[in-house]
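Student: I have a new structure to read and I am not sure how to begin. Could you take me through it, feature by feature?
Tutor: Gladly; let us put it on the screen.

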Amino acid sequence: GSPGGPSETVIAAGQRGVWRSTDGGDWAPSSRGITERNVGSLVVIGNPQGTVLASFDDGLMRIDRAGDTWRRLPRQAGFEAPVLAADPHHPGRVYALGDDFGVSEDQGKTWTTLSHLPNRGVDLLKVDPVHPGVLYASVQIEIVSQDYSFTFRSVDGGVHWREILSDETLIDVVFDPAHPNVSFRLRYGSLDRSDDGGATWTPLPDFGGQFLGANPTSLLFEPRSRALYLGTDQRGVFRSTDSGLTFRRVAAGLPRLPGGLNPPVASLVLDAGGDLYTALWYAGVYQLRPGLGWTGVNNGLSLASSPAALIADPEQPGLLYAPTYGASVLRLEDR
């Protein structure tokens, strides 16, 4: 309509969707039918329903494994759009790190604040699956107008935190369930091993020169073979069968970019049956099949909206979820 006139309509878009005003200032939501959204974090709760809890730009939502409709959860100050981590020791318990750190025992409906961990962004929140009550958090903290990475560890379920890395990002930390004191952590340019449950760490020698100039992006421990898998930003995936001392490239079947490089590895995950999957930035999802290399499982996947991570249902083999930037949550049933 005419600007400033009685028929003028103004439409605005923001993180919480599209809004419409027809009277010069009163706004009404106008997002019906729009399903493409950014997903900040997603977990699958280890309950019989396979409940999925996801953090969107405009709050938390929940859906069960057999459901087809997301349910919006009540907004609570400090936990509007947090990073989530499910607790494998207590099925149904979920931790969240946003403006505050807290826990939910009712699948995200209500939250109890446990502590305050200042941050301007969360790079990693992970629960130790071997030692109850142990958590790791890698966050960005502003110091003199610049953001720096710090990593903290808690041994009491997030009530208290101790700094373990200063001005350094913890990319991932993985654990050996058959040997409770053995764990590995991945930093930029370093892979460290702990033999005392994560209390102290020792860098493994000759780590950085094994990846043909590529940088590590992700880490996974495969319990059956006790192999370490490491994703990179240019050279695909590498595997170690000697606890990280040496790595061998495992890239057969992965797509190649011009010049022979592989697309960056966004994540590595094991499903409930023990099968290994990787998500590649803007290049799809691949499963490692013994003796055959990597095989794409991309039917129905838009490569323009790349999965930021893969999250496996802890009970159902072949069922994975992919939170994305711009296409909400994708579901893979590879059976």
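Student: Let me begin with charge. How far apart are the mean positions of the positive and negative charges of the protein chain?
Tutor: The idea is to average the places of each kind of charge and compare the two points. Here there are 28 positive and 37 negative charges, and their mean positions lie 5 Å apart. Do keep in mind that this is a predicted model.

Student: Which secondary structure does the protein chain have, and how many elements of each kind?
Tutor: Count the helices, then the strands. This chain has zero helices and 30 strands.

Student: What does the radius of gyration say about the protein chain?
Tutor: You compare the value with that of a compact globule of equal length. For 335 residues the globule would have a radius near 20 Å, and the chain has 21 Å, so the two agree. Along the principal axes, the C-alpha atoms fill a box of roughly 75 × 45 × 45 Å.

Student: How much of the chain is buried?
Tutor: Of the 335 residues, 47% count as buried. As for the surface, about 16,000 Å² is accessible, and carbon and sulfur atoms hold 51% of that area.

Student: What share of the contacts joins residues at least 24 apart?
Tutor: Take the contacts between residues at least 6 apart in sequence; 38% of these join residues at least 24 apart.

Student: Now some single residues. Where is Ser 138, and is Ser 138 buried or exposed?
Tutor: Find the element, then check the accessible area. Ser 138 belongs to strand E13, which covers residues 135-143. Its relative accessible area is 0%, and under 20% means buried, so Ser 138 counts as buried.

Student: What does Ser 138 touch?
Tutor: Leaving out residues up to four places away in sequence, its contacts include Val 122, Leu 124, Phe 150 and Leu 170. Thr 151 is also among them, and the side chains of Ser 138 and Thr 151 make a polar contact at 3.2 Å.

Student: Which side chain makes a polar contact with the side chain of Asp 313?
Tutor: That is Arg 65, at 2.8 Å. Asp 313 sits in the loop between strand E28 (311-312) and strand E29 (319-323), and this residue is buried, with a relative accessible area of 0%. Beyond four places in sequence, Asp 313 also touches Val 44, Gly 50, Ala 272 and Leu 319.

Student: Where is Gly 318?
Tutor: Gly 318 is in the loop between E28 and E29. Its relative accessible area is 2%, so Gly 318 is buried. To relate sequence to space, take Gly 318 and Ile 164: they are 154 residues apart along the chain, and their C-alpha atoms are separated by 36 Å.

Student: What should I look for in the backbone angle phi?
Tutor: Look for its sign: most residues other than glycine have a negative phi. Ser 145 has a positive phi of about 70 degrees although it is not a glycine. Ser 145 is found in the loop between E13 and strand E14 (146-154), and at 65% relative accessibility this residue counts as exposed.

Student: What is the phi of Asp 206, and is Asp 206 buried or exposed?
Tutor: Phi of Asp 206 is near 55 degrees, a positive value in a residue other than glycine. Asp 206 lies in the loop between strand E19 (202-203) and strand E20 (216-222). With a relative accessible area of 66%, Asp 206 is exposed.

How values were computed:
Residues numbered from 1 in each chain as written. Predicted model: local features only at pLDDT ≥ 70, side-chain atom pairs only at ≥ 80, totals over all residues. Heavy atoms only, no water. Helix = DSSP H or I, 4+ residues; strand = E, 2+ residues; numbered from the N terminus. Rg over C-alpha atoms; globule rule 2.2 N^0.38 Å. Buried < 20%, exposed > 50% of the residue type's maximum accessible area, 1.4 Å probe, protein only. Contact = heavy atoms within 4.5 Å. Areas by Shrake-Rupley, 256 points an atom, 1.4 Å probe, with all protein chains shown as cover. Lys, Arg positive; Asp, Glu negative; His and termini not counted. Charge placed at Lys NZ, Arg CZ, Asp CG, Glu CD. Polar contact = N/O pair within 3.5 Å; in protein donor to acceptor, adjacent residues only side chain to side chain.
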